Amino acid sequence: MKDLLLIVNPNAGRSGYRDCLSDVVYTLHKCGWRTMVRFTNARGDAPRIAAEEGVRYPRVVCMGGDGTLSETVTGLMRLPEADRPELGYIPMGTSNDSATTLGLSRDPLLAAYTTGTGRPIPLDIGRFREDQFFAYVAAFGAFTEVSYETPQDQKNTFGWLAYAAEAMNRLPRLTHRWCRIEYDGGTVEGDFIFCAVTNARRVAGFIHLDDAAGVSLSDGLFEVVLIRTPDSLLQVGPIMSDVLANSFTSEYAMLLHSKRVKVSFREPTAWTLDGEGGGAYAEIVCENIPHAVRMIVNDMG
């Protein structure tokens with residue numbers, strides 16, 4: 001038997017852990033793991049537990065939403081690279097963009113089986129300022145709110161039209177910022193309503209990047225999605241349609257690739273990190289840390 005640390009967020013996924021935790025632990029046991037379970041009580045617990053206790057285990061697994069994964073990654077990044085354990089993820093949240101990107105099942109028992117039997121792959125991690133990290137996205141702008149607050153039933157029924165409708169409703173109140181984005185090999189500046197610095201295939205439910213977009217989770221590069229401020233309500237729908245179709249050739253939607261991204265504003269601007277509040281800053285530098293963690297995925301092929 002090998003030892004495994006399981007960090008559980010009891011508030012994720014409407015507390016669904018109660019229905020499956022014992023089965024998850026038993027599944028891990030059948031896969032050859034002796035599991036120590038630790039619960040989080042508040043934000044900040046997962047990084048503390050991962051940093052303080054993770055070094056004693058060959059594998060650390062978090063059970064919760066994307067925010068729980070992000071916090072666990074932050075804790076592991078506080079450890080020397082040589083001491084970082086492998087990382088597993090059992091998704092229990094409502095968005096689970098990371099699970100989609102990594103090809104992990106949303107069935108907790110199937111995800112637990114993957115965690116117990118899968119193989120580690122190198123995964124790039126983003127540094128946001130000196131002491132903050134993100135697993136898959138750092139973003140600012142109006143569509144961060146639109147994407148996470150559009151009702152799920154509308155998204156399921158209407159797809160991108162639900163986002164477009166919500167964006168149209170909010171357009172008079174949409175936050176837009178003038179900023180300068182410096183990336184490897186160039187600079188872009190202007191008025192933007194959205195920016196995502198990401199290492200993922202799906203972000204916030206409405207950005208779906210694929211291999212054709214040059215996405216790799218371990219190439220040392222971010223994908224940077226930028227959406228300029230539209231001139232009128234009528235442009236919102238076509239802009240959203242272009243983004244959903246992976247089309248970034250218009251004057252409003254752009255896709256860049258860069259290891260380092262510096263964003264400067266005229267005033268402090270709020271960011272989200274993996275869907276959670278990341279603070280407000282007038283200048284941010286995001287750096288890609290290649291192969292920072294070893295993520296457990298399906299052992300296929």
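Me: A crossing of two helices is left-handed if the near helix is turned anticlockwise from the far one by less than a right angle, and right-handed if clockwise. How does H2 pass H3, left-handed or right-handed?

Reply: H2 passes H3 in a right-handed crossing. H2 covers residues 45-53, and H3 runs over residues 66-77. The helices (H or I, at least four residues) and strands (E, at least two) are DSSP runs, numbered from the N terminus.

Me: Anything I should know about the model itself?

Reply: The model is predicted: local features need pLDDT of at least 70 and side-chain atom pairs pLDDT 80 or more, while totals for chains, interfaces and linings use all residues. Numbering starts from 1 along each chain, and side-chain values use heavy atoms, without hydrogens or water.

Me: Thanks! Which residues of H2 and H3 meet?

Reply: On the H2 side they are Asp45, Ala46, Pro47, Ala50 and Ala51, and they meet Glu71, Thr72, Thr74, Gly75 and Leu76 of H3. To be in contact, heavy atoms must be within 4.5 Å.

Me: How many residues of H2 are buried?

Reply: Seven of the nine residues in H2 are buried, and H2 is mostly covered. The buried residues are Asp45, Ala46, Pro47, Ile49, Ala50, Ala51 and Glu53. Buried means under 20% relative accessible area, exposed over 50%, and partly exposed in between (1.4 Å probe, protein chains only).

Me: What covers the buried residues of H2?

Reply: The cover includes H3, together with strand E1 (2-8) and strand E2 (33-39).

Me: Back to Glu71 for a second. Why does Glu71 count as buried?

Reply: Glu71 counts as buried because its relative accessible area is 19%. Glu71 sits in helix H3. Beyond residues up to four places away in sequence, Glu71 touches Arg43, Gly44, Asp45, Ala46 and Pro47.

Me: Zooming out, how many helices and strands does the chain have?

Reply: The chain has nine helices and 15 strands. It has 301 residues, and 55% of them are buried. Take the contacts between residues at least 6 apart in sequence: 74% of those join residues at least 24 apart.

Me: Got an example of partners far apart in sequence?

Reply: Try Thr100 and Arg202, which are 102 residues apart in sequence but 6.9 Å apart in space, C-alpha to C-alpha. Setting aside neighbours within four places, Thr100 is in contact with Arg106 and Arg202. Thr100 belongs to helix H4 (residues 97-102), and it is partly exposed because its relative accessible area is 38%.

Me: What about Ser258, buried or exposed?

Reply: Ser258 is buried, since its relative accessible area is 0%. You will find Ser258 in strand E13 (residues 253-258). Leaving out residues up to four places away, Ser258 touches Tyr183, Asp184, Leu221 and Phe222.

Me: New topic: backbone angles. What is the phi of Arg129?

Reply: Arg129 has a positive phi of about 65°, although Arg129 is not a glycine. Arg129 is in the loop between strand E5 (119-128) and strand E6 (132-134). Its relative accessibility is 38%, so Arg129 counts as partly exposed.

Me: And what is phi for His291?

Reply: His291 has a positive phi too, near 55°, and it is a residue other than glycine. His291 lies in strand E15 (residues 276-297).

Me: Why is His291 called partly exposed?

Reply: His291 gets that label because its relative accessible area is 40%.

Definitions and conventions
Axes are lines fitted to C-alpha atoms, for helices over the stretch in contact, and angles run from 0 to 180 degrees between N-to-C directions.
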